[in-house]
Structure formats: C-alpha cells, structure tokens
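Trainee: May I ask for a close look at a single part of this protein, namely how its chain is divided into domains? I would be grateful for one connected account.

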Amino acid sequence: MSIKPATRISQVTPSMTLAISAKAKAMASSGLDVCSFSAGEPDFDTPTHIKVAAQRALDAGKTKYGPGLGEPRLRELIAHKLRTENQLNYTAENIMVTNGGKHSLFNLMMALVEPGDEVIIPAPYWLSYPEMVTLAGGTPVIVATDGSCKITAAQLRQAVTPKTKLFVLNSPSNPTGRVYTPSEVQALASVVIDMDLTVVSDEIYEKILYDDAVHQSIGSINGDVLSRTVISSGFAKAYSMTGWRVGYLAAPLDLIKAASKVQDHSTSNVCTFAQYGAIAALEGDQSCVEAMRFAFAQRRQVMLDRLNTLPGLTCPKPEGAFYLFPNIQETGMNSLDFCNALLEEQQVAVIPGIAFGTDSHIRLSYATDLPTIEKGMDRLEKFIYSRQ
Ligand code: PLP
C-alpha cells in the first residue's frame with residue numbers, strides 16, 4: 001500500500017539548490033574533486049565569541065523551553081538594531097524570533113495568505129518564495145524583470161489585482177546580488193501606499209554590500225509604509241550562523257500575534273542556547289561581519305573578472321550578497337543542461353537559473369575560498385572552450 005501525501009505537496013517543487021548541493025557532496029564523498037559554487041552559505045566558522053556565548057548558555061542551564069516569541073533580551077536587541085541601524089520604529093513586542101529567515105517567511109505566509117490570495121514575486125526570485133505561497137494555499141504572481149533584475153514601480157503597479165495580498169521584496173537579492181537604490185525603494189513604497197499593499201522585505205543579506213551600495217529598508221520611508229511592512233531577516237549570512245537556525249520577523253503587533261500562533265503550534269521557541277549566541281552576535285564587536293564582507297568583496301572581483309573573459313557569458317557587477325548571476329543565453333544551452341553538463345564533465349556545481357524563474361542564467365556562489373574559485377574558474381573555462 002502506498003500512502004498518498006496531501007495534494008498541496010504535489011504542487012510544490014523540491015529545492016533545487018539543496019538537491020544540487022547534495023549531489024555535489026555525494027560526488028565529493030565518492031572521491032571526486034568537486035568545486036562547489038552551489039550553496040548559499042559562508043565558508044567561515046561562526047565567530048568565536050558567539051560560540052562561547054552559546055557554550056556558556058548551555059553550561060548555565062539554558063536548555064529548557066523558552067517563550068515562544070523568543071528570549072526577551074534578544075527581542076529587545078533586535079528591535080534596537082532595527083531602530084538604530086534601519087530607522088524602523090519597532091519595540092520588542094514587534095519581534096518574533098524564528099528558526100531562521102526561512103521559517104520567519106513561512107510563518108508569515110501561513111498567518112497572512114488565504115486560498116485565492118495573490119502574492120507578487122519579482123523574478124529572478126529566491127526559490128522558496130513561490131513554494132511557501134503555494135503551501136499556504138495562495139497564488140504566486142511572478143513578475144519578470146528586465147536586465148537590471150529589479151522590479152520597477154510601474155511593473156509592480158501593473159501586477160496588482162483586487163486579489164493581491166502581499167508583495168515580496170528582497171534586497172540585496174538572492175540570486176542576483178542586486179541592491180535596490182534608495183530612490184527605487186522610495187518609488188516602490190509609493191505604489192505600496194497607492195495600491196494599499198502589504199510588503200514583506202527580506203533583508204537577510206543587508207550586511208553584505210560592496211562599493212558605495214547602501215541598504216534602505218522600505219519600512220523606513222514613513223510610518224504609513226511601516227504599518228504595511230513586514231521585515232524578515234536572520235543571523236545566518238552576516239554572522240556565518242547558517243546551522244544555528246536563528247532568524248526573526250518584525251511586523252505590526254497584530255501580525256506578530258497571528259504569526260506566533262503558527263510558531264507556537266509548530267516549533268515553539270527557537271533553540272534556547274542558540275538564541276544566546278545571537279544575543280552575543282548583536283552585543284559583540286561587529287568587526288567579524290566586516291572581515292567576512294571584505295573577503296567576499298575580494299572573491300567577487302576574482303570570480304567576476306574570470307567570468308567576464310568567457311565567450312557567451314555576461315555578468316554585471318552585483319552590489320551585494322555573495323552570488324554572481326551570469327547570462328548564459330549565448331552558449332545556446334538552457335540552464336539545467338548547462339549545470340548538469342558542467343557537473344558531469346568538470347565537477348563544478350552551480351545552480352540553474354530556472355530554479356529562480358530565469359532559464360537564461362546560472363547562479364554561482366562565491367562564499368568559498370579563493371583557491372577553489374580559481375580552480376573552478378579554470379574548469380568552467382575548459383567547459384566553455386570545449387563547446388566553441
Ligand atoms: N532569504 C533569502 C533570500 C535567502 O537566500 C535565505 C537563505 O538562503 C533565507 C531567506 C533563509 O535563511 P535562513 O533560514 O538560513 O536564515
């Protein structure tokens with residue numbers, strides 16, 4: 001007898017990034033020398049003072065259930081960070097600590113989206129957004145963007161229908177690394193007000209910015225926008241804490257209360273001692289964040305320079321995150337064929353753009369060391385020239 005999963009599960013696509021990362025790891029453990037640019041995960045260890053704080057919390061008996069919304073001190077610190085760094089007028093009661101940024105978005109979708117509701121998602125998008133909307137019973141409305149990979153105010157306005165419930169904004173973006181400028185954010189905020197929208201701003205890469213790029217949170221435009229804004233973020237990318245699973249949602253109080261019902265009946269609180277690591281991350285010296293950002297900046301330049309010498313590939317310089325998103329259209333291959341052939345022939349793992357809603361691109365993560373980047377680029381070069 002086979003057990004039949006719910007229909008909503010058949011509507012959801014498994015995560016291609018996790019699948020390709022797993023395939024690359026399996027190839028590596030079978031003895032192959034794989035260069036993986038697939039994972040969205042910094043290669044650095046978590047900074048020592050954060051690990052020590054969690055170890056101390058364990059020793060101090062922080063091993064019990066805690067408040068569902070998070071440790072009070074952590075909620076205070078997150079609200080303080082959002083007020084002082086992002087000009088978002090929140091207090092601790094507007095904050096829910098979640099099991100990573102992914103979980104904060106999932107809680108939100110479950111709390112907000114009803115069957116029939118439309119959620120506007122600009123493409124290229126982080127691949128979990130549409131799947132979360134679908135799991136919540138809603139309809140993802142994918143809006144294709146131009147070469148800038150950023151949705152314009154006019155495109156947003158045009159995508160709105162009476163069924164629109166939410167607009168998803170992600171800057172700096174995964175997969176493109178593009179960052180919306182303050183004037184672009186301002187223009188989108190005007191549409192949010194005019195069209196009476198709710199916006200979720202996924203700001204998980206906000207600390208990873210290059211050159212003169214700045215991060216402006218859409219909720220900082222004014223109080224009216226803030227009352228329609230939800231912020232999703234976390235500690236994974238800025239503090240290299242991917243496995244800790246600590247993120248947060250910041251929103252108007254009623255929405256936090258609604259989302260906390262989802263969390264209370266699914267996971268309860270986030271791992272108690274992990275939250276003490278997050279407290280140390282916010283209270284401690286921020287130079288670890290800057291050191292990692294500096295390393296990413298160097299790697300971005302090396303990978304970008306190599307990519308842009310290859311015939312058939314074009315890649316703009318991204319302003320944030322740790323991904324390059326070159327256009328591969330001129331190679332004549334679609335993104336899945338390109339990635340499968342590259343992995344089979346040269347043992348280089350990258351993610352097909354189709355996973356992010358754009359088949360003409362591939363995504364490379366440069367959250368890996370420079371020797372691996374150099375080796376992987378040598379192999380990519382061989383792959384491209386083998387097809388000339
Ligand atoms: N949002 C974006 C755009 C991401 O790229 C990721 C992770 O890759 C997340 C959210 C979730 O991060 P986490 O759940 O690890 O905190």
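Mentor: The domain assignment of this predicted model gives two entries, domain 1 and domain 2. Domain 1 is written as two stretches, 7–46 and 287–385, whereas domain 2 is given as the stretch 64–283. In sequence order, then, domain 2 lies between the two stretches of domain 1. Taken over C-alpha atoms, the centres of domain 1 and domain 2 are separated by 25 Å. Where the domains meet, domain 1 contributes 36 residues to the contact and domain 2 contributes 30 residues.

Let us now set this division within the whole protein. Its secondary structure consists of 14 helices and 12 strands. The C-alpha atoms fill a box of roughly 60 × 60 × 55 Å along the principal axes. A compact globule of 388 residues would have a radius of gyration near 21 Å, and the protein has 21 Å, so the value agrees with that expectation.

The contacts and the burial of residues add to the picture. Among contacts with a separation of 6 or more, 75% join residues 24 or more positions apart. Of the 388 residues, 54% are buried, a term that here means under 20% relative accessible area.

Finally, consider the surface and the charges. The accessible surface comes to about 16,400 Å², and carbon and sulfur atoms account for 53% of that area. The protein carries 34 positive and 39 negative charges, and the mean positions of these two sets lie 5 Å apart.

Methods: Residues are numbered from 1 along each chain as its sequence is written. This is a predicted model: local features need pLDDT of at least 70, side-chain atom pairs count only at pLDDT 80 or more; totals for chains, interfaces and linings use all residues. Side-chain values use heavy atoms; hydrogens and water are left out. Helices (H or I, at least four residues) and strands (E, at least two) are DSSP runs, numbered from the N terminus. The radius of gyration is taken over C-alpha atoms; the globule rule is 2.2 Å times the number of residues to the power 0.38. Buried means under 20% relative accessible area, exposed over 50%, partly exposed in between (1.4 Å probe, protein chains only). Contact means heavy atoms within 4.5 Å. Accessible areas come from the Shrake-Rupley method with a 1.4 Å probe; for residues, only the protein chains shown count as cover. Lys and Arg count as positive and Asp and Glu as negative; His and the chain ends are not counted. The place of a charge is taken as NZ of Lys, CZ of Arg, CG of Asp or CD of Glu. Domain bounds come from an automatic or database domain assignment.
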